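Look at the chain below from one end to the other before reading on. The paragraphs that follow take up its sheets, some unusual backbone spots, a cavity and a pair of rings.

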Amino acid sequence: MKRLLPALAVIVLAATLSSGCKRSEAPPVAPAAGSLPPIGPARAATIPQPIEKTLANGLRVIVLPRVGSSLVAAEFVVLSGGEVDPEGRAGLADFTANLLTKGSKSANGARSAPQLAAAAEALGGPFRAQAGWDSSRVGITVTTPKLAAALDLLAEVVRYPAFAADEVERLRAQTLDGLRLSLSDPGELAPLVAARLVHGAAPYGHPRLGTLRSVASISVAELRALHARHYRPGNAALILAGDLDPETGLALAAQIFGDWTVPKAATSAAPANPDEAASTATPAKPADVLIIDLPDAGQAAVVAAAPLPSRAADDYYSGLVTRAVLGGGYSSRLNREIRIKRGLSYGASAEYSVLRNGGALFASAQTKNESAAEVAALMRSELARLSTEDVPGDELAARKASYNGGYARTLETAGGLASLVAGQLAKGVAADEISRVIDSVDAVTTAQVRSYARQRLPASTLRMVIVGDAKLFKEALGMQGLSVETMTADDLDLDQPGLRKPLAR
């Protein structure tokens, strides 16, 4: 009987319609084929106001309450990262951060890496740990009732890392394997070479993850020394974002981290950084293009880089929008010209790497060796066009909307919110800057983009690197009137500011 009900319903409906019964509302009109519905109004981002307090030992505690999310992200940020690597020890800060969660040892006992991982997972973890430029971070996201236990665990790994010899050797082996692979990959190698060309001997110039030589020689004693020098409350901040009231968050931070006394050895002074000077002067430019010859490479990687000033520069947001127009998404200019129109790459993009003491813009794409010279010409052309032509209003609005949409989505999660604040602190910016980003991006004008490109991205400061099979594109570069310098992979030394291995004595 039940199987007959759908059929009976159809018969009744048909009879009703045939009897001339009228509906109270007109049926919806379908949009014309190929048309899109109108764009709705932008949804306002919900950005909590940071509440900050500095404990007696110097630790900054920042709480970003968001009631109703049921989760809290705890992010411990040390305001030192790869830039404090000693000379010849590239990767030391990254090693230190990655080993924090691989074993602990304190007066209350010791825990192995598996035990720490199990403890974090039992709370809803896992841990996340990494070192970037200007900061090292350890974080965990848990439900609100488990926050106190999570902070206890976070304090344990930050304050009492074991740096066990077996874990150091395990990480060393993994890192060396990764480096060997990346140094043979044009797409991985080209940005490292470009960073050296732009930053030179400045701290941001060396490979943050290390080199084969430096990683092979990192010792446990050096890890302990870096930790003692930089992991201290006066050089750190604890960020709590999510479903908790500020009073509870501040009280927990004081209870768990308040007894951390300042080590007698103060943090060493930041290394001299010539990046700022490089952004206002015209660096020496021996060749228009540096080629790293990899005869067996199946593809070529093309990177164009230019030095930029630090985050403190007044035109920071103009640069951010300029990057969005140039290479900030699928519809950006580089991707449109290189991929969409010509099919020369699976994707072309630009990175706006502006840090506490300097920065750079990197435009990049991978392509066939035979089309590397054409891609290089397109990059130079698009960079030049930004400084000579106004960006149309609709294009500018679309690129700003794309950036702001991605930023707003990151704000929606507790972990994303904490990460954005950590990024501001690493650049030397106040935590509440997160509430001004979207409006600051929206305020950038076409004239400001053009002015930024003209002042900050002139051809005279541009560095170009191509890593690939040189015989397939070097002649074409010469036909464009470009001067070219070629190095073999055997001659390359990323530990050296000049990129070349020292001459044997």
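Two strands are said to pair if DSSP finds at least two bridges between them. Helices (H or I, at least four residues) and strands (E, at least two) are DSSP runs, numbered from the N terminus. The model is predicted, so to speak of local features requires a pLDDT of at least 70, side-chain atom pairs count only at pLDDT 80 or more, and totals for chains, interfaces and linings use all residues. Residues are numbered from 1 along each chain as its sequence is written, and side-chain values use heavy atoms, with hydrogens and water left out.

Begin with E1 and strand E2 (residues 60-65), which pair in the antiparallel sense over four bridges. Isoleucine 51 has valine 63 in E2 as its bridge partner, and glutamate 52 has isoleucine 62. Threonine 54 stands opposite arginine 60 in E2. The hairpin of E1 and E2 has five residues between the strands, and in it glycine 58 takes a positive phi near 100 degrees.

These two strands belong to an open sheet of six strands, in the order E1-E2-E8-E3-E7-E6, with mixed pairing. Its edge strands, each pairing on one side only, are strand E1 (51-54) and strand E6 (128-131). From one strand to the next the twist averages 15 degrees. For such angles, axes are lines fitted to C-alpha atoms, for helices over the stretch in contact, and the angles run from 0 to 180 degrees between N-to-C directions. Helix H4 (residues 147-159) packs on this sheet and touches strand E3 (71-78), strand E7 (136-143) and strand E8 (236-242). The direction of H4 makes about 160 degrees with that of E7. Contact here means heavy atoms within 4.5 Å. Elsewhere in the sheet, E2 and E8 pair in the parallel sense over six bridges, and the bridge partner of proline 65 in E8 is glycine 242. Strands of a sheet pair through backbone hydrogen bonds, either parallel or antiparallel.

Two loops deserve a look. Proline 126 lies in the loop between helix H3 (113-123) and E6, and a cis peptide bond joins glycine 125 to this proline, with omega about 15 degrees. Phenylalanine 163, in the loop between H4 and helix H5 (165-183), has a positive phi of about 50 degrees although it is not a glycine.

Further along the chain there is another open sheet of six strands, in the order E11-E12-E10-E13-E9-E14, also with mixed pairing. Strand E11 (348-355) and strand E14 (484-488) are its edge strands, each pairing on one side only. The twist averages 20 degrees from one strand to the next. Within this sheet, strand E9 (residues 289-293) and strand E13 (residues 463-468) pair in the parallel sense over five bridges; isoleucine 291 has isoleucine 466 in E13 as its bridge partner. Helix H12 (residues 333-340) packs on the sheet, touching E11 and strand E12 (358-367), and its direction makes about 150 degrees with that of E11.

What pairs do the aromatic rings form? A search of the whole structure finds six aromatic pairs. Rings of Phe, Tyr and Trp (its six-membered ring) pair if their centres lie within 6.5 Å; planes under 30 degrees apart count as stacked, over 60 as edge-to-face and the rest as tilted. The rings of tyrosine 316 and tyrosine 352 have centres 5.5 Å apart and planes at 40 degrees, so this pair is tilted. It links distant parts of the chain: tyrosine 316 is in helix H11 (residues 316-327) and tyrosine 352 in strand E11, 36 residues apart.

Both tyrosines also appear in the lining of the largest cavity, together with Pro309, Ser310, Ala313, Asp315, Val354 and Tyr452. On a 1 Å grid over the protein atoms alone, a cavity is a set of points where a 1.4 Å probe fits but cannot get out, and lining residues have an atom within 4 Å of a point. The search finds one cavity of 30 Å³ or more.

Finally, aspartate 495 has its place in the segment after E14. Its C-alpha is 7.0 Å from that of threonine 211, although the two are 284 residues apart in sequence. Not counting residues up to four places away in sequence, aspartate 495 touches Arg196, Thr211, Arg213 and Ser214.

Definitions and conventions. On a 1 Å grid over the protein atoms alone, a cavity is a set of points where a 1.4 Å probe fits but cannot get out, and a pocket is an open set with protein on both sides within 12 Å along at least five of seven lines; lining residues have an atom within 4 Å of a point. Grid points are joined across faces, edges and corners, and a volume is the space filled by probe spheres set on the points.
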